[in-house]
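Thank you all for making the time this morning. I would like to walk through one chain with you, going from its surface to its interior and then to its charged pairs, and I will try to keep each statement close to what the coordinates support.

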Amino acid sequence: KYLNRHTKILLVDDDQKICDTVKDAFSSITRHVHISKSFEQAVRYLEKNSVDILITEMILPGKDGFELVKWVNNRKDLIGIPVVMITGGMRDKDSVIRGRKIGIDKFIHVSSLGAAGFGRTGPKSESDPMEPVSWYGITKMLAEKEVAGRGKFVPYIIVRPPKIYGPGDMRILRQFKLVRYNIVPDLSLRNRTMSLCYVSDLANI
C-alpha cells in the first residue's frame with residue numbers, strides 16, 4: 001500500500017552498484033528515490049525532507065544502519081515510517097538482538113532453491129529433506145540453519161527463489177535471444193523443469 005508513483009524513498013548505502021540496482025528496481029513504480037552514502041548524509045537529508053520509506057544497509061561507513069534506525073525512532077516527525085534494513089550477512093547473534101532492540105520485527109533471509117534440491121516425485125515441500133544440488137546450495141542450506149537458530153530472537157522468513165533473470169542478467173539472456181529465431185531452448189534437467197523468476201516479481205513478494 002506504500003508504493004505508488006508519488007512514493008518517496010530514501011536509500012542509504014555506500015555501494016554504488018547496490019544503489020543502482022535498487023533504484024532501477026523501483027524505477028517502474030516511482031522516480032522519487034534519493035541516495036545517501038552514510039549515516040551523516042541520511043540524517044542531513046531527513047532533517048530537511050520527508051520520506052515514505054527508508055531502506056538502509058546495515059554496514060555503513062562510520063555509524064551503521066542500526067544507529068540510523070535508532071535516530072529515526074527518536075524523531076517524533078518520523079514515527080511510523082517503514083524501515084527496511086538490508087545486508088549481505090548477519091555476522092553474529094548480537095546483531096540480531098541489537099536489531100530487535102531498535103524495533104526490527106522480522107528477518108527475511110533470501111536463500112535459493114539450490115539449498116532444497118530437486119523434488120523426487122513432484123514439487124519440493126517443506127517436509128522433504130534438504131538435498132543441495134551444488135556447493136552454492138550447501139552454503140545456502142548452512143545459512144538457513146544459522147537463521148533458524150536465531151529464530152528465538154526475532155521472527156524470520158526464508159525465501160527460496162529459483163533462477164532469477166532481469167535487466168543486466170547475462171546468463172539467461174542467451175536463451176531468450178534464441179526465441180527471436182524461433183528456437184525454444186529445452187531448460188529441463190533430467191526430466192525436471194527449470195524454474196525461473198523475474199527479479200521484479202521476486203521483489204514484489
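Let me begin with a question: is Asp-14 buried, partly exposed or exposed? Before I answer, please keep in mind that what you see is a predicted model, and that every value I quote is computed from it. Asp-14 counts as partly exposed, because its relative accessibility is 42%. As for its place, Asp-14 lies in the loop between S1 and H1, and Asp-15 is found in that loop as well, with strand S1 covering 9-12 and helix H1 covering 16-26. Asp-15 is also classed as partly exposed, since its relative accessibility comes to 33%. These two residues belong to a patch of negative charge on the surface, in which Asp-14 and Asp-15 gather with Asp-20 and Asp-24. One distance from this region may help you to orient yourselves: between the C-alpha atoms of Asp-14 and Phe-39, which are 25 residues apart along the chain, the separation is 10.0 Å.

Now for the overall picture. The chain has 8 helices and 8 strands, and its C-alpha atoms fill a box of roughly 60 × 45 × 30 Å when that box is taken along the principal axes. Of the 205 residues in the chain, 29% are buried.

Turning to the interior, which residues have the most contacts inside the largest nonpolar core? That core has 14 residues, and the ones with the most contacts inside it are Leu-10, Val-12, Leu-46, Leu-54, Leu-68 and Trp-71. Two or more residues of this core are given by each of S1, helix H2 (39-48) and helix H3 (65-73), and it is H2 that supplies the largest share, namely 4 residues.

Two further residues with low accessibility deserve a mention here. Ile-102, in the loop between helix H4 (93-101) and strand S5 (107-110), is buried, because its relative accessible area is 15%. Its C-alpha atom is separated by 7.4 Å from that of Phe-66, although the two residues are 36 residues apart along the chain. Ala-116, which has its place in helix H5 (residues 113-116), counts as buried too, at 3% relative accessibility. The C-alpha atoms of Ala-116 and Ala-25 are separated by 27 Å, with their positions 91 residues apart along the chain.

There is also a nonpolar patch on the surface, formed by Ile-108, Val-110 and Ile-157, which together have about 250 Å² of accessible area. Ile-157, for its part, sits in strand S6 and is counted as partly exposed because its relative accessibility is 37%.

Let me move on to the charged pairs. Side chains of opposite charge can pair when their charged atoms come close. How many salt bridges does the structure hold? There are 2 of them, and I will take them one after the other.

In one, Arg-160 is paired with Glu-144, the closest N and O atoms being 2.8 Å apart. Arg-160 lies in the loop between strand S6 (156-159) and strand S7 (163-165), while Glu-144 lies in helix H6 (residues 135-149), so this pair ties together parts that are 16 residues apart in sequence. The partners fall into separate accessibility classes: Arg-160 is partly exposed, with a relative accessible area of 24%, whereas Glu-144 counts as buried, at 5% relative accessibility.

In the other, the side chains of Asp-77 and Arg-75 meet, with an N to O distance of 3.1 Å. Here Asp-77 counts as exposed, because its relative accessibility is 51%, which lies just past the cut-off, given that exposed means over 50%. Arg-75, by contrast, is partly exposed, at 24% relative accessibility.

Finally, a word on Lys-76, whose place is in the loop between H3 and strand S4 (83-86). Is Lys-76 buried or exposed? Lys-76 is exposed, since its relative accessible area reaches 77%. Looking back towards the negative patch, in which Asp-24 takes part, the C-alpha atoms of Lys-76 and Asp-24 are separated by 31 Å, the two residues being 52 residues apart along the chain.

Definitions and conventions. Residues numbered from 1 in each chain as written. Predicted model: local features only at pLDDT ≥ 70, side-chain atom pairs only at ≥ 80, totals over all residues. Heavy atoms only, no water. Patch = residues over 30% accessible without salt bridge, like charges linked within 9 Å, V, L, I, M, F, W, Y side chains within 5 Å. Areas by Shrake-Rupley, 256 points an atom, 1.4 Å probe, with all protein chains shown as cover. Salt bridge = Lys/Arg side-chain N within 4 Å of Asp/Glu carboxyl O. Lys, Arg positive; Asp, Glu negative; His and termini not counted. Charge placed at Lys NZ, Arg CZ, Asp CG, Glu CD. Buried < 20%, exposed > 50% of the residue type's maximum accessible area, 1.4 Å probe, protein only. Core = buried A, V, L, I, M, F, W, Y, C linked by side-chain atoms within 4.5 Å.
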